[in-house]
Amino acid sequence: MLATPALTRRRRERWFYLGMSIAVIVTVFAGFAPTYYLRPYFTASPLMPLLHFHGMVFTSWVVLFVIQTTLVAAHRTDVHRRLGIAGGLIAALMVVVGVTTAVIRASQGATPPGGPPPLAFLVVPLGDMLVFATLVSAGFYFRRRPDVHKRLMMLATVSTMAAAVARLPFAFMQAGPIAFFGLTDVFVVVCVLYDLITLKRIHRATALAALLIIASQPLRLIISGTNAWLQFAAWLTHWVA
């Protein structure tokens with residue numbers, strides 16, 4: 001029996017999202033291997049409990065994302081829907097833990113190589129959490145619209161990848177936010193190209209999510225140097241110092 005164009009499109013779609021989810025988890029593992037996943041092989045210094053918890057929560061989301069895309073590819077959407085409840089809880093916890101960790105680390109003076117001063121840099125992880133929360137909330141809202149839901153959840157996950165990308169062992173990462181934002185946006189571009197190839201247009205969910213992710217990046221860099229932001233960041237970190 002020959003496959004119909006609709007069946008071929010669905011198969012191609014499942015393989016695309018499964019492939020993207022695997023690319024995401026490989027990138028996250030590669031970025032955080034020296035400081036988290038394979039930390040004992042790189043350093044003997046212990047990891048502070050907050051960072052360990054942060055790593056567990058964010059890893060849980062990425063692993064669940066791979067499981068969810070695998071379930072859809074295996075036609076187990078019934079299990080996929082039930083696990084969606086766990087996904088909602090993990091997503092909410094990610095935002096809380098992500099914001100808390102970002103503020104505490106800024107108060108400790110932490111900033112990536114080549115990055116701006118801690119208070120200025122704080123806008124980057126907080127912006128990640130705002131974009132992620134916006135996209136994942138929209139994704140859950142449109143859970144009965146598979147074409148919208150899967151694109152929003154994919155790009156919500158991509159929006160959290162800058163921290164992992166920034167830790168990849170590439171020399172050009174020393175350029176700071178411009179480098180790790182730019183490489184993260186490759187995942188966004190791939191999603192856009194997939195729509196153009198398969199739909200002959202950019203799906204509205206992809207377009208809006210991509211615009212939010214990409215537009216937020218230079219906006220954060222602009223905001224980071226303003227007196228208003230620095231005063232706000234100082235106020236935030238003052239409460240945890």
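**Reading charge pairs, backbone angles and surface patches**

Mentor: Let us begin with D78, which counts as partly exposed at 30% relative accessibility, and keep in mind throughout that this is a predicted model.

Trainee: Which residue forms a salt bridge with D78?

Mentor: The general idea is that side chains of opposite charge can pair when their charged atoms come close. Here the partner is R76, with the closest N and O atoms 3.0 Å apart, and R76 is itself partly exposed, at a relative accessible area of 38%.

Trainee: How many salt bridges does the structure hold, and which of them involves R220?

Mentor: The structure holds five; among them is the one in which the side chains of R220 and D128 meet at 2.8 Å, N to O. Because R220 lies in helix α10 and D128 in helix α6 (residues 123-141), this pair ties together parts that are 92 residues apart in sequence. As for their surroundings, both R220 and D128 are buried. Another salt bridge joins the side chains of R145 and D147 at 3.5 Å, N to O; R145 is partly exposed, at 40% relative accessible area, and D147 is likewise partly exposed, at 26%.

Trainee: What should I look for in the backbone, and where does H75 lie?

Mentor: Most residues other than glycine have a negative phi, and a positive value therefore deserves a second look. H75, although it is not a glycine, has a positive phi of about 65°; this residue lies in the loop between α3 (49-73) and α4 (77-107), and it is exposed, with a relative accessible area of 54%. K200, also not a glycine, has a positive phi of about 65°, and its place is in the loop between α9 and α10.

Trainee: Is K200 buried or exposed, and which residues form the positive surface patch with it?

Mentor: K200 counts as exposed because its relative accessible area is 69%, and the cut-off for that class is over 50%. The positive surface patch is formed by K200 together with R9, R10, R11 and R12.

Trainee: Which residues make the nonpolar surface patch?

Mentor: V189, L193, L196, I197 and I202 make that patch, which covers about 420 Å². One of these residues, L193, lies in helix α9 and is partly exposed, with a relative accessible area of 43%.

Trainee: What does the side chain of T198 reach?

Mentor: T198 has its place in helix α9 as well, and its side chain reaches the backbone oxygen of Y194 at 2.7 Å. In contrast to the exposed K200, T198 is buried, with a relative accessible area of 15%.

How values were computed
Residues are numbered from 1 along each chain as its sequence is written. This is a predicted model: local features need pLDDT of at least 70, side-chain atom pairs count only at pLDDT 80 or more; totals for chains, interfaces and linings use all residues. Side-chain values use heavy atoms; hydrogens and water are left out. Patches are made of residues with over 30% relative accessible area and no salt bridge: like charges are joined within 9 Å, nonpolar side chains (Val, Leu, Ile, Met, Phe, Trp, Tyr) within 5 Å. Accessible areas come from the Shrake-Rupley method with a 1.4 Å probe; for residues, only the protein chains shown count as cover. A salt bridge is a side-chain nitrogen of Lys or Arg within 4 Å of a carboxyl oxygen of Asp or Glu. Lys and Arg count as positive and Asp and Glu as negative; His and the chain ends are not counted. The place of a charge is taken as NZ of Lys, CZ of Arg, CG of Asp or CD of Glu. Buried means under 20% relative accessible area, exposed over 50%, partly exposed in between (1.4 Å probe, protein chains only). Helices (H or I, at least four residues) and strands (E, at least two) are DSSP runs, numbered from the N terminus. A polar contact is a pair of N or O atoms within 3.5 Å; within protein, one must be able to donate a hydrogen and the other to accept it, and residues adjacent in sequence count only if both atoms are side-chain atoms.
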